[in-house]
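Student: I'd like a close look at one part of this protein. Could you walk me through it?

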Amino acid sequence: MSLRERLARTLHAAAFRLAGERGDRAANVLTGLLGLGRIELCTNPSCTDCAPAPTTR
């Protein structure tokens, strides 16, 4: 994993924990402006590339 990807994932994880879906969208804007890329959460349960987004109760 590259440094850019690691930074983007770290920012997204922190933003998602702090503000949920809204924080994830804000992190996408920030990482896009910094040139680190965007991370989209996959909610397709049959996706073979990634796990579905976690659900909380």
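Student: Which residues form a nonpolar patch on the surface?

Tutor: Quick background before the patch: this is a predicted model, where local features need pLDDT of at least 70, side-chain atom pairs count only at pLDDT 80 or more, and totals for chains, interfaces and linings use all residues. Residues are numbered from 1 along each chain as its sequence is written, and side-chain values use heavy atoms, leaving out hydrogens and water.

The patch is made by Leu 11, Leu 30 and Leu 34, which together have about 260 Å² of accessible area (Shrake-Rupley method, 1.4 Å probe, with only the protein chains shown counting as cover for residues). To join such a patch, residues need over 30% relative accessible area and no salt bridge, and nonpolar side chains (Val, Leu, Ile, Met, Phe, Trp, Tyr) are joined within 5 Å. Take Leu 30: its relative accessibility is 41%, so it counts as partly exposed (buried is under 20%, exposed over 50%, partly exposed in between, with a 1.4 Å probe and protein chains only). Leu 30 sits in helix H1, residues 3–33 (a helix is a DSSP run of H or I, at least four residues, numbered from the N terminus).

Helix H1 also holds Glu 5 and Arg 9, 4 residues apart and so about one helical turn from each other. Glu 5 and Arg 9 form a salt bridge, their closest N and O atoms 2.9 Å apart (the cut-off is a Lys or Arg side-chain nitrogen within 4 Å of an Asp or Glu carboxyl oxygen). Glu 5 is partly exposed at 31%, and Arg 9 is partly exposed at 42%.

Key:
Patches are made of residues with over 30% relative accessible area and no salt bridge: like charges are joined within 9 Å, nonpolar side chains (Val, Leu, Ile, Met, Phe, Trp, Tyr) within 5 Å. Helices (H or I, at least four residues) and strands (E, at least two) are DSSP runs, numbered from the N terminus.
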